[in-house]
Amino acid sequence: MHLVRLCAIVAVVIIALPPLTFAGGWKAGTAKVVITPCEPLWMAGYAARTKPAEGKVHDLWIRALAIEDPSGNLGVIVSADVVGVSRQIWDAILARLDDVLTRDQLMLNSSHTHSGPVMSRTLDDIYPLDDEQHARIARYTSFFEEKGAEVIQQAIKNLAPAKLSAGTGAAGFAVNRRNNPEAQVTKLREEGSLKGPVDHSVPVLAVKNEKDELLAVVFAYACHNTTMDFYQWCGDYAGFAQDDLEKEHPGVTAMFVSGCGGDQNPLPRRDLKLAQKYGKELATSVDMVLSGKMRELAPTLSTRLELVNVPLGQVPTRDELMKTASTGASYQQRWAKRLLGEMDAGRAFETSYDVPVQIWRIGGQLWLAMGGEVVVDYSLKFHDMFGKDAWVTAYANDVMAYIPSLRVLREGGYEGQSSMIGYGMPAYRWSEEIEDRLTSAAKRLVHGNNESASR
Ligand SMILES: [Zn+2]
């Protein structure tokens, strides 16, 4: 614990914006802190790892951008180099900010790097952890919650006059992984015959001071952050993109946000040079947007969030769980044994889950941020419904499971069904109501008034 905290204290970097004064406009503030674990910790995202991390390629960070309009409406965007945050971590960070932010005012994004640390209550059953690892993970989770709250408070303290603008670029390395066998992707790309829906857009939010100097850039991309599966801490392509932009623009805070890349992979992969290449491609796209004409955003902010109750689908029976507990893959056995324990204790399984859907309007810019590993169908659908300039992102606030569209749910496969076990859900799948429930909530939030839905 002390070692972890000491590292964090040494690593804190705070970027204060210059004390400008112009009335009636935006204010913005940023802060960032290193969150690279300081003790050997299990790495998140893959069940097949057999040992903790052995070093780092570069540091992992948590970054925050606070924005406030002249009426005092405040929002804080957070970008963290972790696989995902759980509902409990989201709650714990908000509890530390009780008098500062309401739930709708925080957008807690995770980059979904699979070369970051395991945290408590995220994909619990998939890792073969001993008691020592469980203790280290619990210590790290507390550290992450503490640093998350700290970086948010610091960004708010740093609020100073600013200008916000928006634009959209493109990058082409995301491939629909359900439709294209990984080994054939290079050939299929050369032939121009890659299949399946993709969203190659790169939303960009630029924050400048009164002198037009860039202070922060937030950018998104709909693709798993999974080029690497090794034993080194690394922000993967998103980490390299952030590093590249911060090197290119000294003093700037660069923040990656995951789009609806639940069924998208960076392909080909498994080579650090490719992670660097994809990071460079993304950073170059962001830079092209920054150097072009961007839409200036009027200083008005509205923040809304709804916890959308989505019923779970088919529930395992006791007989099925007993069979899985003895014959399933090791992570399936852990899941089945845990659920059998719940049954034996007389506890009923949850029959639904509250999925967060968040809508911000930053001037004329609409931003929908959904919880979970959302498949690309939602991004394409919401662009059709709300306009091509709308930003649709995922992995926000609570990464509890994959979020399939009805099409993907019915097709099945990993994103449609089998991933529910890895996430520890007490069901084989979501119910078929999932897409309708989430779409209705998005419509309600987009077309609602400017009052917060969750205050
Ligand atoms: Zn994933």
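In this predicted model, strands E13 and E14 make a hairpin, with 2 residues between them. Gly-363 sits in the turn of this hairpin and has a positive phi of about 60°. Following the chain out of the turn, the two partners, E13 and E14 (residues 365–370), run antiparallel and are joined by 6 bridges. One facing pair is easy to look up in the structure: Val-357 stands opposite Met-370 in E14.

E13 (residues 352–362) also has a partner in strand E12 (residues 301–311). Here 11 bridges link the two strands, which again run antiparallel. Two facing pairs help to trace this pairing by eye. Val-310 stands opposite Tyr-353 in E13, and Leu-305 stands opposite Gln-358 in E13.

With these pairings in hand, the whole sheet can be laid out. It is an open sheet of 4 strands, in the order E12-E13-E14-E16, and its pairing is mixed. Its edges are formed by E12 and by strand E16 (391–393), each of which pairs on one side only. From one strand to the next, the twist averages 15°. A helpful rule for viewing any such sheet is that, in a regular strand, the side chains alternate between the two faces.

How enclosed is strand E13 by the rest of the structure? Of its 11 residues, 8 are buried, so E13 is largely enclosed by the rest of the structure. Two helices lie across strands of the sheet. Helix H12 (residues 434–447) crosses E12, E13 and E14, running at about 160° to E12. Helix H9 (residues 376–386) lies across E14 and E16, and runs at about 155° to E16.

Another helix, H2 (residues 87–95), offers a friendly example of how burial can follow a helix. Its residues Ile-89, Trp-90, Ile-93 and Leu-94 are buried. These four cover an arc of only 135° around the axis, and therefore lie on the same side of H2. The general background is that an α-helix has 3.6 residues a turn, so residues three or four places apart point the same way. What do the buried residues of H2 pack against? They pack against strand E4 (106–110) and helix H3 (131–157).

Finally, some backbone details are worth finding in the loops. Most residues other than glycine have a negative phi, and most peptide bonds are trans. Against that background, the loop between strand E10 (264–266) and helix H6 (272–291), where Pro-268 is placed, deserves a look. A cis peptide bond joins Leu-267 and Pro-268, with omega at about -5°. Arg-270 lies in the loop between E10 and H6 as well. Its phi is near 75°, a positive value in a residue other than glycine. Arg-270 has 13 other C-beta atoms within 10 Å and is therefore partly exposed.

Asp-212 also has a positive phi, of about 70°, although it is not a glycine. Asp-212 is found in the loop between strand E7 (201–208) and strand E8 (214–221). Is Asp-212 buried or exposed? Because Asp-212 has 7 C-beta neighbours inside 10 Å, this residue counts as exposed; the cut-off for that class is 12 or fewer.

Definitions and conventions. Residues numbered from 1 in each chain as written. Predicted model: local features only at pLDDT ≥ 70, side-chain atom pairs only at ≥ 80, totals over all residues. Buried ≥ 20, exposed ≤ 12 C-beta atoms within 10 Å, placed from the backbone. Arc of directions from axis to C-beta. Contact = placed C-beta atoms within 7 Å. Pairing = 2+ DSSP bridges. Axes fitted to C-alpha atoms, helices over the stretch in contact; angles between N-to-C directions.
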